[in-house]
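The following exercises concern helix geometry, burial, salt bridges and helix packing. Each task is followed by a solution in steps.

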Amino acid sequence: MRPETVAEVPSRGPFVALRGSVFLAGRKFMLERPELMALYWSKLPAAVRAEVEALAVGDWVSRELLETHYQTLDATGIAADLFVEQGRFIGARNWGTLMLTLARLAGALGASPVLGAQRSPQLFRRHMRGGGMRVTQLGATHLRVEHVDFGPRLAESDAFVSATVGAWVAGCERFATVTEHVVRERSASTIAFDIRWD
């Protein structure tokens with residue numbers, strides 16, 4: 001199969017903000033793990049604690065605050081696998097219902113994660129300001145996801161990259177069993193990863 005772009009949001013310049021509902025889903029994941037929340041809180045700079053506590057679902061979380069948040073998570077020293085799980089939790093809470101509905105509606109047709117990926121631009125635009133994304137189908141059961149213009153500090157963050165992968169895995173899992181997810185690129189301009197399924 002020749003590579004085929006199945007979804008794309010052209011970059012709208014540098015990523016600048018994330019919807020508060022996505023951030024708060026990640027915080028809920030941590031609140032359900034008191035040891036993780038305590039460790040995070042002990043390392044979060046005091047100057048941003050009030051801002052983090054005041055965030056609401058409809059707010060926009062600035063890239064600068066998001067960078068501080070993810071650098072703090074990186075500083076906890078917790079394994080990347082936990083952040084993949086956090087991303088899966090975030091994805092299920094924010095996009096799971098839509099993906100599950102699509103999977104049920106298309107179940108008789110043998111739908112795959114490609115169907116969910118085709119709806120991803122709508123979700124991206126609703127939850128992100130700036131940046132862009134592209135999903136390319138590389139094989140019958142193989143997607144490459146690229147997030148562009150998110151900046152070097154987020155690309156360098158293991159917690160951010162792992163949570164982003166996890167959110168995509170959650171969407172794909174509504175359609176099929178994910179067998180592999182591998183990060184392919186982390187640069188100032190691109191975070192790219194592959195997802196395969198059965």
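**Exercise 1.** Determine whether Glu173 is buried, partly exposed or exposed, and describe its salt bridge.

*Solution.* Step 1: the relative accessibility of Glu173 is 34%. Buried means under 20% relative accessible area, exposed over 50%, and partly exposed in between, with a 1.4 Å probe and protein chains only. Glu173 therefore counts as partly exposed.

Step 2: the structure is a predicted model, in which local features need pLDDT of at least 70, side-chain atom pairs count only at pLDDT 80 or more, and totals for chains, interfaces and linings use all residues. Residues are numbered from 1 along each chain as its sequence is written, and side-chain values use heavy atoms, with hydrogens and water left out.

Step 3: a salt bridge requires a side-chain nitrogen of Lys or Arg within 4 Å of a carboxyl oxygen of Asp or Glu. Glu173 meets this with Arg88, their closest N and O atoms being 2.8 Å apart. Because Glu173 belongs to helix α8 (residues 158-173) and Arg88 to helix α5 (residues 80-106), the pair ties together parts 85 residues apart in sequence. Helices (H or I, at least four residues) and strands (E, at least two) are DSSP runs, numbered from the N terminus. Arg88 is also partly exposed, at 26%.

**Exercise 2.** State which residue forms a salt bridge with Asp158, and where the two partners lie.

*Solution.* Step 1: the partner is Arg186, with the closest N and O atoms 2.9 Å apart. Step 2: Asp158 is in helix α8 and Arg186 in strand β7 (residues 178-186), so the pair links distant parts of the chain, 28 residues apart. Step 3: the relative accessible area is 41% for Asp158 and 37% for Arg186, and each is partly exposed.

**Exercise 3.** Analyse the salt bridge between Arg153 and Glu67, and find the network to which the two belong.

*Solution.* Step 1: the closest N and O atoms of the two side chains are 3.0 Å apart. Step 2: Arg153 sits in helix α7 (residues 152-155) and Glu67 in helix α4, a separation of 86 residues. Step 3: Glu67 is buried at 6% relative accessibility, whereas Arg153 is partly exposed at 35%. Step 4: salt bridges with shared partners join Arg63, Glu64, Glu67 and Arg153 into one network. The whole structure holds 13 salt bridges.

**Exercise 4.** Compare the span of helices α1 and α4 with expectation, and describe their burial.

*Solution.* Step 1: the expected span is 1.5 Å times one less than the number of residues. Step 2: the twelve residues of α1 (residues 20-31) should therefore span 16 Å, and the end C-alpha atoms are 16 Å apart, in agreement. Step 3: α4 (residues 63-75) has 13 residues and reaches 18 Å, close to the 18 Å expected. Step 4: ten of the twelve residues of α1 are buried, among them Val22, Phe23 and Leu24. In α4, the buried residues include Leu65, Leu66 and Tyr70. Step 5: just after α4, Gly77 adopts a positive phi of about 75°.

**Exercise 5.** Classify the packing of helices α2 and α3.

*Solution.* Step 1: α2 (residues 34-43) and α3 (residues 46-54) pack at about 135°, with axes 9 Å apart. Axes are lines fitted to C-alpha atoms, for helices over the stretch in contact, and angles run from 0 to 180 degrees between N-to-C directions. Step 2: angles under 35 degrees count as roughly parallel, over 145 as roughly antiparallel, 65 to 115 as roughly perpendicular, and the rest as oblique. The two helices, α2 and α3, are therefore oblique. Step 3: the contact (heavy atoms within 4.5 Å) is made by Tyr40, Trp41 and Ser42 of α2 and Arg49, Val52 and Glu53 of α3.
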